[in-house]
Amino acid sequence: MSRILRRLLLATALPAVLVAVWWYSTDDSQSFYVPPLRTILTTFGTLWTGRRLATDVLPSVLRLAGGYLSAAVVGVALGVVIGSYRRVRAVLEPVLEFLRAVPPPVLVPVIMLFAGIGDGMKVVVILSGCVWPILLNTVEGVRAVDGVLSESTRSYGITGAARLRHLVLPSAGPQIFAGLRQALSLGIILMVISEMFAASNGLGFDVVQFQRSFAIPEMWSGILLLGLLGFVLSMLFQLVESRALSWYRGLRRSQRSS
């Protein structure tokens, strides 16, 4: 119990200090652009109600989930193929490096030409940015599969889907999850950017509309909600990662103790 309390204190100490500093430094603020934190929190409680959660927050989360999960499937599938076959990697690597270097926000106008201005465009924008860290980390993870284990599976006739399931994916798992973690934060950024273009709802759309109408407390409350959304998604990701990589963390602990 004391260990759990210690970890909880360590996790909440810095956020509590930052909130306290923000509160007291803006308590007497007369600036139109930097309202007191108490005003922002009051606006937050009244603005982000059930109706707005359903019309703006939920669509944003669904777009993020669609783009992120699609990127995960495409990135892992292509990464396994590219990492497993040297010739495929030699042919595709120059093109992949070129495409990876193109900033995803620059592609928004191009994607709008082909995917329109609906939810499909926003999902494609998120996918186009999230797929690269997943793909590249998967490639490196597959390439780093232990050679002795790989030869052992071939010797015992373990090939195809069985080899992929029991050797390749578990061995590349830590690298794959590293890419998934990077892609999650990038996906939130692209979700907001995509909703700033030709959108009628969503968190990105709301923040821009508040800024344009000089509703500054509302704008700050939207930014605060985006931060909370990122924090919640990060916590959920850590839960999934800890379950999926429990064997890996147990192995690391045993290696450190030996």
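These legends go with several close-up views of a predicted model.

**View 1. The whole chain is built from helices.** Let us start with the overall picture: the protein has 11 helices and 0 strands. If you read along the sequence, the pattern is α-α-α-α-α-α-α-α-α-α-α. The C-alpha trace spans about 75 × 55 × 30 Å along its principal axes. Of the 258 residues of the protein, 36% count as buried.

**View 2. Helix α3 has a bend at V57.** Here we follow α3, which runs over residues 50-84. How far apart are the end C-alpha atoms of α3? They are 48 Å apart, and this agrees with the 51 Å that its 35 residues should span, because each residue counts for 1.5 Å. Now look for V57, where α3 bends by about 35 degrees. A proline, P59, follows within four residues of the bend.

**View 3. The largest nonpolar core brings together 46 residues.** Which members of this core touch the most other members? They are W48, Y68, L180, M191 and L203. Two or more residues come from each of α3, α5 (108-115), α6, α8, α9 (203-212) and α10. The largest share comes from α8, which gives 12 residues to this core.

**View 4. The largest pocket holds about 600 Å³ of space.** This pocket is lined by 20 residues, and the closest to its centre are A11, T12, P15, F231 and M235. The elements that each give two or more residues to the lining are α1 (2-25), α2 (37-47), α10 (216-244) and α11 (246-257). Which of the helices gives the most to this lining? The answer is α1, with 8 residues. Sorted by class, the lining of the largest pocket has 11 nonpolar, 3 polar and 6 charged residues.

**View 5. The second largest pocket has a volume of about 470 Å³.** Try finding G83, S84, Y85, V142 and R163: of the 18 residues that line this pocket, these are the closest to its centre. At least two lining residues are supplied by each of α3 (50-84), α4 (86-101), α6 (119-143), α7 (147-155) and α8 (160-195). How many residues of each class are in the lining of the second largest pocket? There are 7 nonpolar, 5 polar and 6 charged residues. You have met two of these helices before: α3 and α8 supply residues to this lining, and α3 and α8 also give residues to the largest nonpolar core.

Terms used: Residues numbered from 1 in each chain as written. Predicted model: local features only at pLDDT ≥ 70, side-chain atom pairs only at ≥ 80, totals over all residues. Heavy atoms only, no water. 1 Å grid on protein atoms, 1.4 Å probe; cavity = no way out; pocket = protein on both sides within 12 Å on 5 of 7 lines; lining within 4 Å. Points joined across faces, edges and corners; volume = space filled by probe spheres on them. Nonpolar A, V, L, I, M, F, W, Y, C, P; charged D, E, K, R; others polar. Expected span 1.5 Å × (residues − 1). Bend = angle between axes of the 7 residues up to and from the residue. Core = buried A, V, L, I, M, F, W, Y, C linked by side-chain atoms within 4.5 Å. Buried < 20%, exposed > 50% of the residue type's maximum accessible area, 1.4 Å probe, protein only.
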